[in-house]
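Biologist: Before I accept the terms used for this model, I should like each one set against its criterion.

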Amino acid sequence: MKIHILGICGTFMGGLAALARADGHEVTGSDKNVYPPMSTQLEALGIELTEGYDPAQLDPRPDLVLIGNALSRGNPAVEAVLNQRIPYTSGPRWLGENYLSQRRVLAVAGTHGKTTTSSLLTWILDQAGYEPGFLIGGIPNNFGVSARSGSEWFVVEADEYDTAFFDKRAKFVHYRPEIAILNNLEFDHADIYPDLAAIQTQFHHLIRTVPGNGTLVVNDADAALGDVLDMGCWSRRAAFDLCEAEPSQGWQVKLAEPGGRRLVFFRDGEELGELSWTLSGRHNALNALAALAAADAAGVDPDLAINALARFTGVKRRMEQLGDVEEIRVYDDFAHHPTAIRLTLEGLRRSVGNARILVALEPASNTMRASHHVADLPNALMAADHVWIKTSDAMDWNPHEVLGKLDGQGRPRAQVENLVEDMLEIARPGDHVVFMSNQGFGNASRRFLEALEKRYAD
């Protein structure tokens with residue numbers, strides 16, 4: 001079948017293209033912007049790419065068009081698909097009906113931690129010999145790609161964002177998992193959901209698709225998820241949470257040191273084993289625990305799973321250390337919500353003690369640019385010693401509302417070059433410098449690192 005993908009260079013649609021190609025389909029695609037690394041990866045697979053949405057790209061006529069959720073009515077290529085009556089569907093629906101329906105699916109849902117937890121789970125299954133396929137919204141370092149076909153088992157990052165302009169349900173309702181992780185739940189995506197209740201409804205739609213002999217791995221301490229389960233649950237439940245005192249029922253993890261680089265796992269009060277690894281923070285401890293419980297539901301021995309976690313090497317753009325110049329460590333982190341920002345910085349603070357933490361934040365998601373999270377941002381950034389906020393015309397709020405509550409340790413900057421200059425002036429050996437954004441941030445992290453290397457080379 002000849003499949004044309006509109007919006008092919010996003011992480012999800014690009015991964016989908018790779019899976020369709022591996023499945024033997026002829027695949028082409030287009031996007032508003034076509035550039036590396038995704039364009040390079042797709043072209044290496046023999047996928048022809050077109051920049052822009054000229055209707056001419058639909059000649060010769062494809063058998064099917066997959067339309068990404070970034071495209072809407074009025075797009076020239078979308079209008080051409082409709083006018084010419086070319087068969088079309090969404091990426092998530094095609095994935096669910098034509099790919100996942102033939103596999104045993106493990107889905108990872110939640111407001112935070114989806115990419116890391118999906119990567120952890122995939123790595124555990126891989127090390128257990130399951131040869132899993134996967135589609136993840138990031139690139140696990142252990143695999144070097146965001147998607148692969150695999151065999152019987154398949155791990156999919158289950159996103160709650162909407163499916164397409166013609167299907168406003170969450171993507172994950174199309175996946176029909178046998179095992180589903182519900183990691184956490186908060187209000188997000190204010191551009192498509194009016195309130196938390198609307199997102200809870202979507203999560204319950206996911207729960208309704210898990211079979212009775214399937215398993216829900218649920219964060220037991222998350223009240224919003226508890227409300228969702230109260231709407232009805234028909235599957236086995238494996239509850240997990242942090243162990244703050246004595247171990248009790250369910251899956252638990254205890255931090256053996258404050259930074260979370262050593263963890264002890266328990267099930268129903270029985271110790272399963274200890275892990276020393278490269279990740280840090282309570283949030284990653286819970287991500288690891290959720291992956292451990294889901295892998296157990298798939299038949300993987302916990303001892304083997306813990307050993308696999310010790311060899312996990314992280315995910316690109318998830319507190320990825322880009323470099324270390326004269327003991328100034330530079331990180332790139334995918335950030336789109338105050339809770340994730342707070343947990344990440346608190347975890348780093350516990351790991352580095354009194355060392356200085358410098359943070360540059362680009363509020364890039366639709367929700368972050370709107371004023372929904374302004375009240376939570378000062379607390380989220382409190383673990384940092386210095387904070388820069390990249391401003392833009394798309395922001396609906398005044399950055400001084402946030403920075404004014406940080407004891408004068410923050411500064412707004414409209415231009416990336418000015419922001420990088422400011423940070424270079426302040427940075428000194430021993431600092432930890434974190435760039436946080438869910439978009440490109442004008443390549444600020446790499447520009448800072450290159451300038452730092454040049455400064456110490458001169």
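The exchange below takes up a pocket, a helix and a sheet.

Modeller: This is a predicted model, in which local features need pLDDT of at least 70, side-chain atom pairs count only at pLDDT 80 or more, and totals for linings use all residues. Residues are numbered from 1 along each chain as its sequence is written, and side-chain values use heavy atoms, without hydrogens or water.

Biologist: What makes a residue part of the lining of the second largest pocket, and which lie closest to its centre?

Modeller: A lining residue has an atom within 4 Å of a pocket point, a pocket being an open set of points on a 1 Å grid where a 1.4 Å probe fits, with protein on both sides within 12 Å along at least five of seven lines. The space here is about 180 Å³. Of the 13 lining residues, Gly96, Glu97, Val173, His174 and Arg176 are closest to the centre. Helix α4 (residues 91-98) gives the largest share, three residues.

Biologist: Why are Trp94 and Leu95 of α4 called buried?

Modeller: Buried means under 20% relative accessible area, computed with a 1.4 Å probe on protein chains only. Trp94 and Leu95 are therefore under that limit, as are Gly91, Pro92 and Gly96.

Biologist: How do you know that β19 and β23 pair?

Modeller: Pairing requires at least two DSSP bridges between two strands. Strands β19 (residues 328-333) and β23 (residues 432-436) are joined by five and run parallel, so they pair. Among the partners are valine 330 and, in β23, valine 433.

Conventions: Grid points are joined across faces, edges and corners, and a volume is the space filled by probe spheres set on the points. Helices (H or I, at least four residues) and strands (E, at least two) are DSSP runs, numbered from the N terminus. Buried means under 20% relative accessible area, exposed over 50%, partly exposed in between (1.4 Å probe, protein chains only).
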